Amino acid sequence: MDWSKAKTILIITFLILNVFMLVMIVFTSTNKPFTDDYIKYSTDYLSSRNIEVKANVPEVSRYTGKVLYSTRKYDLNALCRLVFGKEIALSENQEVFNIVVGEEMVMLLEDELYIKDKISDEELWFSDKKTYEERVLKYLRNLGFNKSDLFPGKFSETEQLKEIVFDVKYKNLRVYDQQITVQLNKEGILITSAPNKLVKKDNGSGEVISAYQILVMGGLPSNIVIDNIEIGYRRISEGDLYGVPVWRIQLDDGTTMFYNGLTGERLN
């Protein structure tokens, strides 16, 4: 064996390894200060415009995929039994599912399931918030929505009406254009609006813009207070087959703004 040649090979190998390690050290050491510098710049910029951020600014995976929407499959006979107490003869050629019996109705549109149901024990439903939410969740389970599919509901009430709104979740992120609203009035009329779309799977990926970039580049007005910043999914336009990662910014005055997480564009 030529020992001098072997030493030369070992020396070259160690040099290459050292160069690789140096590059990695430089990259990791410069990447974090850049991030910290940008956060400081963002904070100073927001302060100069009197924009107060009370919310935690979340960190998300840099690469997050688009999601595919598909039509949700409802059991129409089960819906009729739930609302009308019996099955209704359905036409095979019926393009729009819209059945009305007395005060009750089941209507299935392209994007929405709408139900108007007369319940008999409305006083119990109306007794308190906890009971109402429990009964609504049980009702929704009959429609195919499990509690684990939903974020905790936002509850509101008056003397005449109780309402709860749930956001549908996908992989523990909100799907902003997929909400369930359930209202009950004193006359025992329960009105449910639920999505007729289903977020089915990831489809492709893209580089998600950080929340700090949105705060700086998103054209926010001056003199505001930001209460919440969150990322979820939403279709850009009605009828789209795909949803994209979307940043949602909520102000203390109730204003909500959405930004495309891939382009930074503000959405309507």
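Reader: Which residue stands opposite Thr-192 in β9?

Author: Val-182 does. This is a predicted model, and in it β8 and β9 pair in the antiparallel sense, over 4 bridges.

Reader: What makes β8 and β9 count as a pair of strands?

Author: Two strands pair when DSSP finds at least two bridges between them. β8 and β9 have 4, so they meet that definition. In their hairpin, 3 residues lie between the strands, and Gly-188 takes a positive phi near 85°.

Reader: Which other strand pairs with β9, and over how many bridges?

Author: Strand β5, residues 112–118, pairs with β9 over 7 bridges, again in the antiparallel sense. One of the bridge partners to look for is Leu-190 in β9, which partners Asp-117.

Reader: Why is Thr-192 called buried?

Author: Its relative accessible area is 1%. Buried means under 20%, so Thr-192 earns the word. Leaving aside residues up to four places away in sequence, Thr-192 touches Leu-113, Tyr-114, Ile-115, Tyr-139, Leu-140, Leu-143, Thr-181 and Val-182.

Reader: Why is strand β9 described as largely enclosed by the rest of the structure?

Author: The strand covers residues 189–195, and 5 of its 7 residues are buried, so the description follows from that count. For the protein overall, 37% of the 268 residues count as buried.

Reader: What makes Arg-174 and Glu-230 a salt bridge?

Author: The closest N and O atoms of Arg-174 and Glu-230 are 3.1 Å apart. The definition asks for a side-chain nitrogen of Lys or Arg within 4 Å of a carboxyl oxygen of Asp or Glu, so the pair qualifies. Arg-174 lies in strand β8 (residues 173–185) and Glu-230 in strand β11 (residues 224–235), so this bridge ties together parts that are 56 residues apart in sequence.

Reader: Are Arg-174 and Glu-230 buried or exposed, and how do you know?

Author: Arg-174 has a relative accessible area of 15%, and Glu-230 has 19%. Buried means under 20%, so Arg-174 is buried and Glu-230 is buried too.

Reader: Which salt bridge does Asp-177 form?

Author: The side chain of Asp-177 meets that of Arg-235, at 3.0 Å from N to O. This pair also links distant parts of the chain: Asp-177 is in strand β8 and Arg-235 in strand β11, 58 residues apart.

Reader: Why does Asp-177 count as partly exposed, and what does Arg-235 count as?

Author: Asp-177 has 25% relative accessibility. Partly exposed covers what lies between buried, under 20%, and exposed, over 50%, so Asp-177 belongs there. Arg-235, at 9%, counts as buried.

Reader: Which salt bridge joins Glu-230 and Arg-248, and how do you know it is one?

Author: Their side chains meet at 2.8 Å, N to O. That is within 4 Å, so the pair counts as a salt bridge. Glu-230 lies in strand β11 and Arg-248 in strand β12 (residues 242–251), so the bridge ties together parts that are 18 residues apart in sequence. Arg-248 is buried, with a relative accessible area of 7%.

Reader: What makes Asp-167, Arg-174, Glu-230 and Arg-248 one network?

Author: Salt bridges that share partners join them. Glu-230 is a good place to look, with a bridge to Arg-174 and another to Arg-248. A search of the whole structure finds 9 salt bridges.

Reader: How many aromatic pairs does the structure hold?

Author: The structure holds 6. One of them is Trp-125 with Tyr-132, an edge-to-face pair.

Reader: Why is the pair of Trp-125 and Tyr-132 called edge-to-face?

Author: The ring centres are 6.2 Å apart, with 70° between the planes. Rings pair if their centres lie within 6.5 Å, and planes over 60 degrees apart count as edge-to-face, so both conditions hold. Trp-125 is buried, and so is Tyr-132. Elsewhere, ring pairs link Tyr-38, Tyr-41 and Tyr-45 into a cluster.

Reader: Which residues lie over the faces of Phe-126 and Phe-258?

Author: Lys-186 lies over the face of Phe-126, at 4.5 Å from the ring centre. Arg-234 lies over the face of Phe-258, at 5.1 Å from the ring centre.

Methods. Residues are numbered from 1 along each chain as its sequence is written. This is a predicted model: local features need pLDDT of at least 70, side-chain atom pairs count only at pLDDT 80 or more; totals for chains, interfaces and linings use all residues. Side-chain values use heavy atoms; hydrogens and water are left out. Helices (H or I, at least four residues) and strands (E, at least two) are DSSP runs, numbered from the N terminus. Buried means under 20% relative accessible area, exposed over 50%, partly exposed in between (1.4 Å probe, protein chains only). Rings of Phe, Tyr and Trp (its six-membered ring) pair if their centres lie within 6.5 Å; planes under 30 degrees apart count as stacked, over 60 as edge-to-face and the rest as tilted. A charge sits over a ring if NZ of Lys or CZ of Arg is within 6 Å of the ring centre and within 35 degrees of the ring normal. Contact means heavy atoms within 4.5 Å.
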